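Welcome! Please take a moment to look over the sequence and the 3D view, and then we can walk through them together.

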Amino acid sequence: MHEIEAIAANRANWDDRADIHARSEMYDVKGFLADTTDISTVVQNDLSVLTPHLPKSGVQDHALLHLQCHIGTDTISWARLGAVDIHGVDLSPNSLHHAARIAKAENREITWVEGDARFASTLIDRRFDIIVTSAGTIVWLPELANWAQSIHDLLEPGGVFMIRDDHPILGAMAFEPWNITDDYLSGGGVRTYDDSGTYTDNSTGQIAHTANHEWRHDLGEVIGSLLNAGLRIEAVAELPYMDWPAFPELIPCAEGWTLPQQLPRIPLNFAIVARRQLP
């Protein structure tokens, strides 16, 4: 399938998902809005990675860009932590419709931008102190060279970028440990499958646009793309937790979900922090 067609199919799929997620127990939008001190678990985990690379004030009063922001609850969480001039980018217009609705309900001034995260620098005419992306993002991008260059160009000199995402080893296992059934290494082309549900509870059969198209990105490609774009890598971590129950063996933990102690220890997430160097 041509890349343009694959991305269009993904956009339609995520437009469907947005409606399901906005009313799901997992996202609990009503509860999130009822407690303006609530910070999503995703952002709590992101902040734990990012904090050592921030000033003592954290994200307070720093301009922030959230790539692949979906329905915006994580983006709003960054606003609750004190970030300013916040922009959220997403491919799905329906996701951004929900994001705008949720932000309006909290009277939050956030700029929502529709488009491909790889080309965010062509969509936004300003720079940011902090750029973040996390929890199931880059697998939807066909390549990372443009993505990394956009991140570099959108950062202020001295600005910091953080990605935390599902570890690519899980993709190689098709999220069904413990056998390798697919590529770990990048460059194998698009992975296409049909799924009438999503990762929230009781969603099977609710997706009308069932086609999904994903691309594998190994850690070498992710790190290499950021380096090639001129960013300096400050930290790399492989983490024993993830944000969603991707397979039955996982058990709840403070960060979300982890493996029981008796099972082999494999990474479930990875995190990278990079910085645009000063002139």
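## Starting with helix H4

Which residues are buried in H4? They are Thr73, Asp74, Thr75, Ile76, Ser77, Trp78, Ala79 and Arg80. That makes H4 mostly covered, with eight of its eight residues buried. As you explore, please keep in mind that this is a predicted model.

Following H4 comes glycine 82, and its phi is positive, near 110°.

## The chain as a whole

Stepping back, you will find eight helices and twelve strands in the chain. The radius of gyration is 18 Å, close to the 19 Å that the globule rule gives for 279 residues, so the chain is as compact as a globular protein of that length. Along the principal axes, a box of roughly 45 × 45 × 40 Å holds the C-alpha atoms.

Of the 279 residues, 53% count as buried. Looking at contacts with a separation of 6 or more, 74% are between residues 24 or more positions apart.

## Helix H5 and its surroundings

Helix H5 covers residues 93–105, which is 13 residues. From its first C-alpha to its last it reaches 18 Å, close to the 18 Å expected at 1.5 Å a residue.

The buried residues of H5 are Asn94, Ser95, Leu96, His98, Ala99, Ile102 and Ala103. What do these buried residues pack against? Their partners are three helices and two strands: helix H1 (3–22), helix H2 (29–34), helix H4 (73–80), strand E2 (84–90) and strand E3 (111–114). So the covered helix we began with turns up here again, as one of the elements that H5 packs against.

## Two residues with positive phi

Most residues other than glycine have a negative phi. Here are two places to look at with that in mind.

Asparagine 107 comes just after H5, in the loop between H5 and E3. Its phi is near 60°, a positive value in a residue other than glycine. Is asparagine 107 buried or exposed? With a relative accessibility of 68%, asparagine 107 counts as exposed, because the cut-off for exposed is over 50%.

Alanine 174 also is not a glycine, yet it has a positive phi of about 55°. You can find alanine 174 in the loop between helix H7 (168–172) and strand E6 (190–194). Its relative accessibility is 39%, so alanine 174 counts as partly exposed.

## Leucine 154 in helix H6

Now turn to leucine 154, which sits in helix H6 (residues 145–154). Leucine 154 has a relative accessibility of 3%, so it counts as buried, the cut-off being under 20%.

Which residues is leucine 154 in contact with, leaving aside its neighbours within four places in sequence? They are Leu65, Ala120, Ser121, Ile124, Arg126, Arg127, Phe128 and Ile131. For one of these, arginine 126, the C-alpha to C-alpha distance to leucine 154 is 6.7 Å, although the two are 28 residues apart in sequence.

## The second largest pocket

Rolling a probe the size of a water molecule over the atoms shows where empty space is left. In this model, the second largest pocket has about 230 Å³ of space. Its lining is made up of 13 residues, and those nearest its centre are Pro240, Thr258, Leu259, Arg265 and Ile266.

How many nonpolar, polar and charged residues are in the lining of the second largest pocket? By class, there are nine nonpolar, two polar and two charged residues.

Terms used. Residues are numbered from 1 along each chain as its sequence is written. This is a predicted model: local features need pLDDT of at least 70, side-chain atom pairs count only at pLDDT 80 or more; totals for chains, interfaces and linings use all residues. Side-chain values use heavy atoms; hydrogens and water are left out. On a 1 Å grid over the protein atoms alone, a cavity is a set of points where a 1.4 Å probe fits but cannot get out, and a pocket is an open set with protein on both sides within 12 Å along at least five of seven lines; lining residues have an atom within 4 Å of a point. Grid points are joined across faces, edges and corners, and a volume is the space filled by probe spheres set on the points. Ala, Val, Leu, Ile, Met, Phe, Trp, Tyr, Cys and Pro count as nonpolar, Asp, Glu, Lys and Arg as charged, and the others, Gly among them, as polar. Helices (H or I, at least four residues) and strands (E, at least two) are DSSP runs, numbered from the N terminus. The expected span of a helix is 1.5 Å times one less than its number of residues. Buried means under 20% relative accessible area, exposed over 50%, partly exposed in between (1.4 Å probe, protein chains only). Contact means heavy atoms within 4.5 Å. The radius of gyration is taken over C-alpha atoms; the globule rule is 2.2 Å times the number of residues to the power 0.38.
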